[in-house]
Amino acid sequence: MNNASSLTPQSRTHILRRFAQAGVACVPLLLGGCSFFSPIPEPRGSLIEKTDYAQLVPGTSTRTDVLDLLGSPTAHATFDDNTWIYVSMITSPTPLTFPSVKKQEVVVLNFDNGGVLRKVDTLNKKNAMYVGMVGAKTPTPGTSSSILQELLGNVGRYNPMSGMSSQFGGSSGPMGGQGTGNGGSGNSLP
């Protein structure tokens, strides 16, 4: 039997040196594996290229030409059906937040009422404007109550028998003590 106490100092040094060499040899493999886990870019929206919309000629191209080349638009302008918008972007997942936009391109096509293309505008990520959330709070009327008050606030307020006559266990209710039924009489089958 060979245990650790029977090893000589030279053999211990030799074993430790071997472990250190193996560790140094594994470092490039571990660092190289990091690129394996890098986020994969994801294309989103209408995947159009510059060569696609470069074929459009204002004044001669029509809506059907655009549909044949680019497909249906991502969106129409809110109050103008003659403005078509194509949005294309490549995003990359980011941990604990929204995906980051790596590349973005927007193509805006304006048509006249006859369906002929009049203008082509292209926008990219540099033209984008960041719209942040407003931190202000809207005041609401009412009282503030605790969770316990919310949970126990209606205890004792609801009595389903209060609207019935005294023969059902209720006192005077919204019907002025008239009751709502026959008190069981006439409810049996012949």
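**Exercise 1. How many salt bridges does the count come to?** Find the partners, and say how exposed each one is.

*Solution.* Start with a reminder that this is a predicted model. Side chains of opposite charge can pair when their charged atoms come close. To count here, a side-chain nitrogen of Lys or Arg must lie within 4 Å of a carboxyl oxygen of Asp or Glu.

Step 1: Look at Arg44, which forms a salt bridge with Glu42, with 2.8 Å between the closest N and O atoms. Arg44 counts as partly exposed because its relative accessibility is 38%, and Glu42 is partly exposed too, at 32%.

Step 2: Move on to Asp112, whose salt bridge partner is Arg118; here the closest N and O atoms are 2.8 Å apart. With 22% relative accessibility Asp112 counts as partly exposed, and Arg118 is partly exposed at 47%.

Step 3: Finish with Lys119 and Asp121, whose side chains meet in a salt bridge at 3.6 Å, N to O. Lys119 has a relative accessible area of 41% and is partly exposed; Asp121, at 28%, is partly exposed as well.

Step 4: The count is three salt bridges.

**Exercise 2. In which order do the helices and strands run from the N terminus?**

*Solution.* Step 1: Collect the elements: the protein has four helices and five strands.

Step 2: Read along the chain from the N terminus, and you get α-β-α-α-β-β-β-β-α.

**Exercise 3. Is Ser92 buried or exposed?** Name what Ser92 touches as well.

*Solution.* Step 1: Locate Ser92 in strand β3, which covers residues 83-92.

Step 2: Compare its relative accessibility with the cut-off: buried means under 20%, and Ser92 has 6%, so Ser92 counts as buried.

Step 3: Leave out residues up to four places away in sequence, and the contacts of Ser92 are Pro39, Pro99, Ser100 and Lys102.

Step 4: For the wider picture, buried residues make up 16% of the 190 residues in the protein.

**Exercise 4. Which residues form a nonpolar patch on the surface?**

*Solution.* Step 1: The members are Ile147, Leu148, Leu151, Leu152 and Val155, which together have about 590 Å² of accessible area.

Step 2: Place Val155: this residue lies in the segment after α4 (147-152). Because its relative accessibility is 62%, Val155 counts as exposed.

Step 3: Set the patch beside the whole protein, which exposes about 15,300 Å², with carbon and sulfur atoms supplying 60% of it.

**Exercise 5. Which residue lies over the face of Phe111?**

*Solution.* Step 1: Find the ring of Phe111 and look over its face: Arg63 lies there, at 5.3 Å from the ring centre.

Technical notes. Residues numbered from 1 in each chain as written. Predicted model: local features only at pLDDT ≥ 70, side-chain atom pairs only at ≥ 80, totals over all residues. Heavy atoms only, no water. Lys NZ or Arg CZ within 6 Å of the ring centre and 35° of its normal. Patch = residues over 30% accessible without salt bridge, like charges linked within 9 Å, V, L, I, M, F, W, Y side chains within 5 Å. Areas by Shrake-Rupley, 256 points an atom, 1.4 Å probe, with all protein chains shown as cover. Helix = DSSP H or I, 4+ residues; strand = E, 2+ residues; numbered from the N terminus. Buried < 20%, exposed > 50% of the residue type's maximum accessible area, 1.4 Å probe, protein only. Contact = heavy atoms within 4.5 Å.
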